[in-house]
Amino acid sequence: MRTASQSSSDGAYGECIVKSRLGLAPVFKKRRLHFISPVPEAIRMVCGFLLGMEGVRSAIPEGDALLVEYDLFRVTLAQLEKTCAGTGLVLCSGFHGWMRAIWRFTEDNEIQNAAHPISRGCCNHPPAHTR
């Protein structure tokens, strides 16, 4: 089992090309989640929960924040936030909440775009030049 202090550069997970459930190579995301007045023990506890989730590569406490690296095709930011909230930690709102909303939106788009195969339609051909 990975520990909270294990480096994200550790080759034990995902360094080789691993196919995800969509049949695509993993897309790793690294997010820093900030909490309101967290207790250090609570952050260490949530690190253990997150590291137990499939797709979480690392979870490192950094003061009142948590640096998490994960495979987008196995776990999403929304799932990570739900796990953190389930332990009693409160994520910061304001600008950080706005940024998390943007991250969730872009992750959803990435997942949806990856689910649709690339078409080889007319858009992949440059227009014919006429004089």
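**Strand pairing and helix packing in a predicted model**

Let me begin with one pair of residues in the sheet: Ile60 has Leu67 as its bridge partner in E3. Please keep in mind throughout that what we are looking at is a predicted model. Further along the pairing, the bridge partner of Glu62 in E3 is Ala65, and in total the antiparallel pairing of E2 with strand E3, which covers residues 65–71, runs over six bridges. Two residues separate E2 from E3 in the hairpin that they form, and in the turn Gly63 has a positive phi of about 65 degrees.

Stepping back to the whole sheet, it is an open one of three strands, arranged in the order E1-E3-E2 with antiparallel pairing. Strand E1 (28–34) and strand E2 (56–62) are the edge strands, each of them pairing on one side only, and from one strand to the next the twist averages 15 degrees. Helix H1 packs on this sheet, where it touches E2 and E3, and the direction of H1 makes about 175 degrees with that of E2.

That brings me to the helices, and a general remark may help here: a pair of packed helices is described by the angle between the axes together with the distance between them. How do helix H1, residues 40–51, and helix H2, residues 77–86, cross? Their axes come within 10 Å and cross at roughly 140 degrees, and H1 and H2 are therefore oblique to each other. The crossing in which H1 passes H2 is right-handed. On the H1 side the contact is made by Val46, Phe49 and Leu50, and on the H2 side by Leu80, Thr83 and Cys84; sorted by class, this contact has five nonpolar residues, one polar residue and no charged ones.

Turning to the other helix pair, H2 and H3 pack at an angle of about 135 degrees with their axes 9 Å apart, and these two helices are therefore oblique to each other as well. Here H2 contributes Leu77, Ala78 and Glu81 to the contact, while H3 contributes Arg100, Trp103, Arg104 and Glu107. By class, the contact of H2 with H3 has three nonpolar, no polar and four charged residues.

Finally, a word on charge pairs, for which the general point is that side chains of opposite charge can pair when their charged atoms come close. With a cut-off of 4 Å between a side-chain nitrogen of Lys or Arg and a carboxyl oxygen of Asp or Glu, the count comes to nine salt bridges. One of them links Lys29 to Glu110, with 2.7 Å between the closest N and O atoms. Since Lys29 lies in strand E1 and Glu110 in helix H3 (residues 95–115), this pair ties together parts that are 81 residues apart in sequence.

Methods. Residues are numbered from 1 along each chain as its sequence is written. This is a predicted model: local features need pLDDT of at least 70, side-chain atom pairs count only at pLDDT 80 or more; totals for chains, interfaces and linings use all residues. Side-chain values use heavy atoms; hydrogens and water are left out. Axes are lines fitted to C-alpha atoms, for helices over the stretch in contact, and angles run from 0 to 180 degrees between N-to-C directions. Helices (H or I, at least four residues) and strands (E, at least two) are DSSP runs, numbered from the N terminus. Angles under 35 degrees count as roughly parallel, over 145 as roughly antiparallel, 65 to 115 as roughly perpendicular and the rest as oblique. A crossing is left-handed if the near helix is turned anticlockwise from the far one by less than a right angle, and right-handed if clockwise. Contact means heavy atoms within 4.5 Å. Ala, Val, Leu, Ile, Met, Phe, Trp, Tyr, Cys and Pro count as nonpolar, Asp, Glu, Lys and Arg as charged, and the others, Gly among them, as polar. Two strands pair if DSSP finds at least two bridges between them.
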